[in-house]
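Today I sat down to look up two things, internal empty space and helix packing. My notes follow in the order in which I looked.

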Amino acid sequence: LTQTISAVLARSVGGKAVLAASMATGCALTWATPIVAGRLAELVSCQTLLGIVQGAAYPATLTLVAKWYTPRERASFLGFIIAGPYLGEALTFPLAALVMDSSSLGWPFVFYFLAIIGAVWLLLFLCLASSSPDTHPRISYAEQVMLRRALAPEVSKTHSRRCVVSEKPAACSNDADVRDAQSQERCLLQQEKGEEEGAATAAVV
């Protein structure tokens, strides 16, 4: 149920927002776990809610993958995503034992430590990530065009209405109705031609 709801939200508000909210809530609940450990009802509620919010991670991540990776790249990257939780478990168990042995706080410090790691990751994610190439402030224009061309067939199937990057001058409208992959390709070629003509005019002037 959580994955279905989060998938719909990720498509409407962006994968970054959904994944960040899931991670932030997960960190808070992980930090709270030792605090409520002595009260069974609160502990069960805390862990149940933690499982619910973590269910949003996969759909949000897959939404980001669909926006940022070409079809040829996705298989390899999805392999890393699937392997990630297993690798995390393999590293967390011995790390937790090491933390408990070296800390005077005992087992509660394991949860605090993991929450801190998650918070650091979340901060980096918020600073560096973006829901799509269109909204990333540091992506090169060449990479944006490459991704748009690679994803053009998929964009046409979802009836996307954006064919160019709004920050760049274009020979066609940003809200052009892209009905198929050929229309989007033609739109991008028109944009590149317009930029070349603009550069030539500037050079003459």
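**Entry 1, cavities.** I searched this predicted model for enclosed space, and the count came to 1 cavity of 30 Å³ or more. I noted a volume of about 30 Å³ for the largest cavity. I then asked which residues line the largest cavity, and I wrote down Thr-92, Leu-95, Ala-96, Val-99, Val-110, Phe-113 and Leu-114.

**Entry 2, source of the lining.** I traced the lining of the largest cavity back to the helices, and found that helix H5 (71-102) and helix H6 (108-128) each supply at least two residues. H5 gives the most to this lining, with 4 residues. Sorting the lining residues of the largest cavity by character, I got 6 nonpolar, 1 polar and no charged.

**Entry 3, helix packing.** I turned next to helix H1 (residues 2-13) and helix H4 (residues 57-68), which pack at an angle of about 30° with their axes 8 Å apart. Because angles under 35 degrees count as roughly parallel, I recorded H1 as roughly parallel to H4. I also checked the hand of the crossing of H1 and H4, which is right-handed.

**Entry 4, the H1 and H4 contact.** Which residues make this contact? From H1 I listed Gln-3, Ser-6, Ala-7 and Ala-10, and from H4 I listed Tyr-58, Pro-59, Ala-60 and Thr-63. The residues of the contact of H1 with H4 divide into 5 nonpolar and 3 polar, with no charged residue in the set.

Conventions: Residues are numbered from 1 along each chain as its sequence is written. This is a predicted model: local features need pLDDT of at least 70, side-chain atom pairs count only at pLDDT 80 or more; totals for chains, interfaces and linings use all residues. Side-chain values use heavy atoms; hydrogens and water are left out. Axes are lines fitted to C-alpha atoms, for helices over the stretch in contact, and angles run from 0 to 180 degrees between N-to-C directions. Angles under 35 degrees count as roughly parallel, over 145 as roughly antiparallel, 65 to 115 as roughly perpendicular and the rest as oblique. A crossing is left-handed if the near helix is turned anticlockwise from the far one by less than a right angle, and right-handed if clockwise. Contact means heavy atoms within 4.5 Å. Ala, Val, Leu, Ile, Met, Phe, Trp, Tyr, Cys and Pro count as nonpolar, Asp, Glu, Lys and Arg as charged, and the others, Gly among them, as polar. On a 1 Å grid over the protein atoms alone, a cavity is a set of points where a 1.4 Å probe fits but cannot get out, and a pocket is an open set with protein on both sides within 12 Å along at least five of seven lines; lining residues have an atom within 4 Å of a point. Grid points are joined across faces, edges and corners, and a volume is the space filled by probe spheres set on the points.
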